[in-house]
Amino acid sequence: MKSFEAVQHYFNRAADKLELTENMRTLLLTSKREVQVQIAVEMDDGQLQTLIGYRVQHDNARGPMKGGLRFHHEVDLDEVRSLASLMTWKTAVVNIPFGGAKGGVTVNVRKLSLRELERVTRKFVDEIHDVIGPDTDIPAPDMGTNAEVMAWIMNQHNKYHGFSPGVVTGKPVEHYGIPGREEATGRGVGILALKTLGRLGHKAQKTRVAIQGFGNVGSHAAKFLQEADCRIVAISDVSGGYYCAEGINVLEAIQYSNKNNRSLEGFAAASRISNEELLELEVELLVPAALGGVITADNAPLINAPLIIEAANAPIRPEADDLLNDRGVVILPDILANAGGVTVSYFEWAQNRQYYRWGLDRVRQELDRVLSSAFEEVWNLAREHEVSLRTAAFMLGIGRVGRATVLGGIT
Ligand code: NAD
């Protein structure tokens, strides 16, 4: 099943419960606009390289479209389309006034110099500047992009359209960003993990955690959960997995990775395991926070964790989702679990538009409020309808987008 087909599958399961008509399903699933552009850039060695970039704008019934920008060598239109659709349901689940979008460039960022990365970013904005904007579509960081990339996007867009910092979120705090945005997705994962553990009767102190991916989301989730007294027994990145039964010192691992070109390669305070082994560890909580599609029908029977928090987007394939649900594994779905990032992006956008600065305490407090309320709604809906948390989250998101679509007038 390809990425978009997987989202469709989850969508239809919830749409059945909501008794949506076929015509309404087609309307809600179809992207409003899909843009594919050529990005021709000169590399540092003088060679010309031609890359492909995408921006998919899925739905704007509830507000300007919002979604990250991914720079990764596996990016393709199907993946971007699926992620754009997930953003629509995600913004609706946490009830912030945005629609959904996503962008990507098919490129291996680890092979780009900083100046090459900047040229790729600016060239991409040259191609899409007319279709993004603070009232239409607002990009943000995702895999392979960061605050600096967002600052270049703002700067390049402003050259065409005048000063408007709200065109992009996840900017550096010193450059129209908001404190707490960088940690927001990982922190949100941590907040929601503790809530779910509590509902399942687990104490944080006794919880062993394995986290796949140690980038922005994985490292902040690890830090938050360690501060909450969980034992982080395994972490990993593209270089492999690192295991310590007594618990890994997360701050030490973050410092090591920062000094080592954002890689855990050679991290000697833990023993080496593979990324596959990490997923199968005997832990109380598993947090996939790297790529999509890492839990499949093949390895689902080998997963030992009773609880999975989907920090990454779509880390579990639908066939695996069914197998895990049948075994009673509780899964907090991506459209709720990693919504902390877009929530704080909303605060940043609102702050940019008001020319008013928020402090870190207020950001954290509001993040907690928004996520807690979404969690309660999803949890209660799941109980009421006797469905999985994923189906409940889709029902909540689709219901809100559907109502906004009808209220706005369809034809
Ligand atoms: P990132 O680029 O900062 O980090 C990605 C991490 O995954 C790195 O540690 C990398 O080494 C690791 N990784 C890459 N390939 C791997 C592999 N094959 N096996 C194991 N690890 C691998 O990205 P991020 O922003 O942390 O995003 C991670 C996930 O979270 C993505 O699925 C993204 O869509 C999702 N997400 C991110 C945000 C955000 O605010 N950054 C928001 C919502 C969802």
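# Exercises on two sheets and a ligand shell

In this predicted model, strand β7 (residues 231-237) and strand β8 (residues 240-243) form an antiparallel pair with four bridges. The exercises begin with the sheet that holds this pair and end at the ligand.

**Exercise 1.** Find the order of the strands in the open sheet of seven strands, and state which strands stand at its edges.

*Solution.* Step 1: start from a single pair of residues. A234 stands opposite Y243, a residue of β8.
Step 2: extend the view to the whole sheet. Its order is β9-β8-β7-β6-β10-β11-β12, and the pairing is mixed.
Step 3: read off the ends. β9 (271-273) and β12 (330-332) are the edge strands; each has a single partner strand, so one side of each lacks a neighbour in the sheet.
Step 4: add the twist. On average, neighbouring strands of this sheet are turned by 20° against each other, direction ignored.

**Exercise 2.** Describe the hairpin of β1 and β2, then place both strands in their sheet.

*Solution.* Step 1: identify the pair. Strand β1 (residues 33-42) runs antiparallel to strand β2 (residues 48-59), and 10 bridges join them.
Step 2: pick out one bridge. Q38 has I52 of β2 as its bridge partner.
Step 3: look at the turn. Five residues lie between the strands of this hairpin, and G46 has a positive phi near 90°.
Step 4: move to the next neighbour. β2 also pairs with strand β4 (residues 99-106), in the antiparallel sense and over six bridges. Here Q57 has A101 of β4 as its bridge partner.
Step 5: complete the sheet. The five strands stand in the order β1-β2-β4-β3-β5 in an open sheet with mixed pairing. β1 and β5 (137-141) are its edge strands, each pairing on one side only. From one strand to the next, the twist averages 25°.
Step 6: recall a general point about side chains. In a regular strand they alternate between the two faces of the sheet.

**Exercise 3.** Work out which parts of the protein supply the shell around the ligand, and how the residues of that shell divide by type.

*Solution.* Step 1: list the nearest residues. There are 21 residues around the ligand, and R70, D142, T185, V217 and A290 come nearest.
Step 2: sort the shell by type. It has nine nonpolar, eight polar and four charged residues.
Step 3: trace the sources. Domain 1 (31-174) and domain 2 (182-337) each give at least three residues to the shell. Among the helices, α6 (181-199) and α7 (216-227) each give at least two.

**Exercise 4.** Find polar atoms of R70, V217 and V238 that lie close to ligand oxygen atoms, using a cut-off of 3.5 Å.

*Solution.* Step 1: take the side chain. R70 has a polar side-chain atom 2.7 Å from an oxygen atom of the ligand.
Step 2: take the backbone. A polar backbone atom of V217 is 2.9 Å from a ligand oxygen atom, and for a polar backbone atom of V238 the distance to a ligand oxygen atom is 3.0 Å.
Step 3: consider the ligand surface. The ligand taken alone exposes 830 Å², of which the protein buries 84%.

Key: Residues are numbered from 1 along each chain as its sequence is written. This is a predicted model: local features need pLDDT of at least 70, side-chain atom pairs count only at pLDDT 80 or more; totals for chains, interfaces and linings use all residues. Side-chain values use heavy atoms; hydrogens and water are left out. A residue is near a molecule or strand if one of its heavy atoms lies within 4 Å of it. A polar contact is a pair of N or O atoms within 3.5 Å; within protein, one must be able to donate a hydrogen and the other to accept it, and residues adjacent in sequence count only if both atoms are side-chain atoms. Accessible areas come from the Shrake-Rupley method with a 1.4 Å probe; for residues, only the protein chains shown count as cover. Ala, Val, Leu, Ile, Met, Phe, Trp, Tyr, Cys and Pro count as nonpolar, Asp, Glu, Lys and Arg as charged, and the others, Gly among them, as polar. Domain bounds come from an automatic or database domain assignment. Two strands pair if DSSP finds at least two bridges between them. Axes are lines fitted to C-alpha atoms, for helices over the stretch in contact, and angles run from 0 to 180 degrees between N-to-C directions.
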